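Me: Could you walk me through how a few labels on this protein model are justified?

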Amino acid sequence: MSGGLEGRERLAELLLADGHRLVLREFGLADSTRDPAWDPRLQRLLALAEGAEVWVKLSGLGRVPDAWARAAAGRLLKRLGPKQLLWGSEWPNVTAAHAYAPCYAQTLDWLEELIPDEHARGRILNETAAALYGFRN
């Protein structure tokens with residue numbers, strides 16, 4: 001869901017009930033001006049995602065504040081675990097819309113800041129994506 005969950009909770013519920021899987025970009029477009037501990041958008045995302053076929057991309061480098069992203073990533077990791085979190089490479093870079101176009105190395109460095117636990121980060125980068133996209137070893 002490219003536009004985020006805000007105002008689309010019922011659509012998301014219907015899609016999930018029909019057997020679809022959802023990937024929400026950029027922290028589900030939660031409100032990065034609010035404390036992640038008290039953000040109602042993030043709370044609704046967590047309630048929808050728990051136990052469902054929902055993945056949340058840790059993306060938005062250069063668009064969301066780093067301190068907010070660290071706090072939100074910590075909350076998502078604690079509630080959903082690494083099996084429902086994805087790394088966002090920020091590709092394709094839309095430089096016309098954003099003055100900052102990060103490279104892969106920068107987004108990987110940012111992920112390391114967001115998810116300092118090496119095991120959880122490895123899961124996000126490998127097993128989670130493989131499970132979502134149906135890749136097999």
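Here are some questions about helix packing and charged side chains, in a model that is predicted.

Me: Why are α2 and α3 called roughly parallel?
Reply: Happy to explain! Their axes pack at an angle of about 25°, and angles under 35 degrees count as roughly parallel, so the label fits α2 and α3. The axes are 11 Å apart, and the crossing is right-handed. Among the residues making this contact are Leu42, Leu45 and Leu46 of α2, and Ala72, Leu76 and Leu80 of α3.

Me: What makes Arg21 and Glu53 a salt bridge?
Reply: Their side chains come to 2.9 Å, N to O, and the cut-off is within 4 Å, so the pair qualifies. Arg21 sits in the loop between α1 and β1, and Glu53 in the loop between α2 and β2, 32 residues apart.

Me: How do you know that Glu26 is buried?
Reply: Glu26 has 10% relative accessibility, and buried means under 20%, so Glu26 counts as buried. Glu26 forms a salt bridge with Arg25 at 3.5 Å and another with Arg63 at 2.9 Å. Salt bridges with shared partners join Arg25, Glu26 and Arg63 into one network.

Me: Why is Arg63 called partly exposed?
Reply: Its value is 29%, and partly exposed lies between under 20% and over 50%, so the term applies to Arg63.

Me: Why does Asp31 have no salt bridge?
Reply: The nearest side chain of opposite charge, Arg34, is 4.5 Å away, while a salt bridge has to be within 4 Å, so Asp31 is left without one. Asp31 is nevertheless buried, and touches Asp39, Arg41 and Trp68, not counting residues up to four places away in sequence.

Terms used:
Residues numbered from 1 in each chain as written. Predicted model: local features only at pLDDT ≥ 70, side-chain atom pairs only at ≥ 80, totals over all residues. Heavy atoms only, no water. Buried < 20%, exposed > 50% of the residue type's maximum accessible area, 1.4 Å probe, protein only. Lys, Arg positive; Asp, Glu negative; His and termini not counted. Contact = heavy atoms within 4.5 Å. Axes fitted to C-alpha atoms, helices over the stretch in contact; angles between N-to-C directions. Helix = DSSP H or I, 4+ residues; strand = E, 2+ residues; numbered from the N terminus. Parallel < 35°, antiparallel > 145°, perpendicular 65-115°, else oblique. Left-handed = near helix turned anticlockwise from the far one by under 90°.
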